[in-house]
Amino acid sequence: MITRQRLAAGACALLAALAAGIAVPAGAVADETTALAPKVNLVLDVSGSMRARDIDGQSRMAAAKQAFNEVLDATPEEVQLGIRTLGANYPGDDRKEGCKDTAQLYPVGPLDRTEAKTAVATLTPTGWTPIGPALLKAADDLDGGEGSKRIVLISDGEDTCAPLDPCEVAREIAAKGIGLTIDTLGLVPNTKMRQQLSCIAEATGGTYTSIEHTDELADKVNQLVVRAADPVVTPVAVEGAAGCTNAPVVKSGLYTDREEFGQQRWYRVEVRPGQELRASVSVSADRAVNPDHGVLLRAVTVHGREIVRGEGNNTGRTDAISTGLRYPKAEADDEEDESVAETVCLQVTNSFSAAGGVQSTPGLPLELTVDVVGGPSQASDVASFGLGRGWWLLGALVLFGFLTGVLWGWISRWRVAVWRSN
């Protein structure tokens with residue numbers, strides 16, 4: 001009897017262990033899926049000006065609610081969505097209190113469409129327009145996880161809580177290197193509001209759109225939410241050094257950094273014999289800058305000898321300046337030297353200068369792409385006098401031209417001979 005009880009107890013323990021072994025990987029998979037899930041935070045302006053009835057015969061608030069209901073119905077299952085409001089709760093005249101008026105209406109996470117719609121239906125235009133504070137809180141709502149992060153700001157007016165400038169807030173968020181994009185939509189915009197919302201979007205690589213109709217609002221917000229579900233490569237935040245000696249070592253990948261006006265940033269790449277280094281850099285002007293600017297990308301040895309460079313420049317206002325370079329390292333003669341890597345220093349320099357009254361910090365957004373690949377192994381793969389495989393085409397054209405000339409000359413002589421005989 002005792003033996004049977006022991007066997008039964010052992011069998012139960014074994015089943016429990018197997019169940020635990022099966023449950024742990026499933027939980028790990030669920031956690032990993034959640035960590036990689038794309039996140040979107042919709043930030044809606046619910047200030048008093050949203051009562052205006054100038055969008056398709058209805059109020060701006062009614063148009064926003066209608067658009068939100070359509071967006072919530074179309075949100076992909078894999079997207080974790082949240083809704084934050086600004087100016088929805090404090091109706092008074094105290095500016096200090098009004099500039100604190102931002103709240104999470106629906107937390108960022110798996111979407112319960114009915115619950116989210118119910119929350120949106122309770123909104124009533126109320127108070128101030130604290131865009132800057134709302135963006136800071138919205139960024140905190142999206143903290144954590146490795147998936148794409150996007151804030152969609154919908155407003156009908158400029159911020160009323162200066163000196164906390166929303167543009168500066170957006171630049172600070174971008175400078176954190178967390179891969180967060182802010183898209184802005186302006187309802188019936190004026191010039192000042194358009195400039196402010198455009199500045200916010202540009203600071204993080206987002207987009208600005210003017211909205212004057214309900215269907216435009218629903219379509220655009222839906223596009224941005226769906227876009228968040230698309231697979232993207234999130235740049236890795238890296239901090240370049242002032243010189244090559246202390247520069248961080250980067251491998252193949254996409255990196256983001258910040259570079260102040262006229263500053264140099266250095267990075268190091270290991271390149272082995274028979275490999276080719278391909279690098280490109282883009283520096284964006286996320287604020288007003290003076291004309292005549294450019295960017296320089298240099299590859300140099302650790303001793304300071306320049307290997308190759310790439311440069312780009314512009315004489316007017318542009319959103320970004322880019323350039324790139326390629327450095328193929330020859331194969332080693334000795335097999336033992338194949339494992340010895342050369343340290344290549346990449347230097348990024350910009351010649352942007354700030355316009356009057358423009359803050360120089362944080363620095364301009366910089367995006368660096370590094371790719372170390374196997375070098376060309378055949379002579380035909382290597383460019384020769386800038387033509388590469390184009391020599392085949394050139395040879396064919398020369399031969400075709402020669403044969404055409406001979407044929408045309410023979411026909412011309414024959415025609416002359418016939419004319420003379422006649």
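Helices here are DSSP runs of H or I with at least four residues, strands are runs of E with at least two, and both are numbered from the N terminus. Keep that numbering at hand for the selections below. The model is predicted.

**Whole protein**

Start with everything shown. The secondary structure comes to 9 helices and 15 strands. Colour by burial next: 42% of the 422 residues count as buried. Switch on the surface. About 22,400 Å² is exposed, and carbon and sulfur atoms supply 55% of it. Now turn to contacts between residues at least 6 apart in sequence. Of these, 75% join residues at least 24 apart.

**Helix 2**

Select residues 60–74. This is helix 2, with 15 residues. From first C-alpha to last, helix 2 reaches 21 Å, close to the 21 Å expected at 1.5 Å a residue. Show the buried side chains: Arg60, Met61, Ala63, Ala64, Ala67, Phe68, Val71 and Leu72. Look down the axis. The buried residues of helix 2 fall within an arc of 165°, so they line one face of the helix.

Add what that face packs against. The strands are strand 1 (39–45), strand 2 (80–86), strand 4 (149–155) and strand 5 (180–187). The helices are helix 4 (113–121) and helix 8 (214–228).

**Helix 7**

Move to residues 191–203. Helix 7 has 13 residues, which should span 18 Å at 1.5 Å a residue; the end C-alpha atoms are 18 Å apart, in agreement. Its buried residues are Met193, Gln196, Leu197, Ser198, Cys199, Ile200, Ala201 and Ala203. Bring in the cover. It includes helix 5 (131–141) and helix 6 (166–175). Strand 4, strand 5, strand 6 (208–211) and strand 8 are also among the covering elements. Strand 4 and strand 5 were on the helix 2 list too.

**Strand 8**

From helix 7, step across to strand 8, residues 253–259. Strand 8 is mostly covered, with 5 of its 7 residues buried. Which strands join strand 8 by bridges? Strand 7 (residues 236–237) runs parallel to strand 8 and is joined to it by 2 bridges. Pick Ala237: its bridge partner in strand 8 is Thr256. Strand 15 (residues 364–374) runs antiparallel to strand 8, with 7 bridges between them. Pick Tyr255 and find its bridge partner in strand 15, Leu368.

**The four-stranded sheet**

Select strands 9, 14, 11 and 12. In that order, these 4 strands form an open sheet with antiparallel pairing. Strand 9 (264–271) and strand 12 (306–314) stand at the edges. Each has a single partner strand, so one side of each is left without a neighbour in the sheet. The twist averages 15° from one strand to the next.

Zoom in on strand 11, residues 293–300. It is joined to strand 12 by 8 bridges, and the two run antiparallel. Label Leu296: its bridge partner in strand 12 is Glu311.

**Thr343**

Finish at Thr343, in strand 14 (residues 342–350). What does Thr343 touch, leaving aside neighbours within four places in sequence? Its contacts are Arg268, Val269, Glu270, Val300, Thr301 and Val302. Then draw a C-alpha to C-alpha distance from Thr343 to Cys244. The two are 9.9 Å apart in space and 99 residues apart in sequence.

Note on methods:
Residues numbered from 1 in each chain as written. Predicted model: local features only at pLDDT ≥ 70, side-chain atom pairs only at ≥ 80, totals over all residues. Heavy atoms only, no water. Pairing = 2+ DSSP bridges. Axes fitted to C-alpha atoms, helices over the stretch in contact; angles between N-to-C directions. Expected span 1.5 Å × (residues − 1). Buried < 20%, exposed > 50% of the residue type's maximum accessible area, 1.4 Å probe, protein only. Arc of directions from axis to C-beta. Contact = heavy atoms within 4.5 Å. Areas by Shrake-Rupley, 256 points an atom, 1.4 Å probe, with all protein chains shown as cover.
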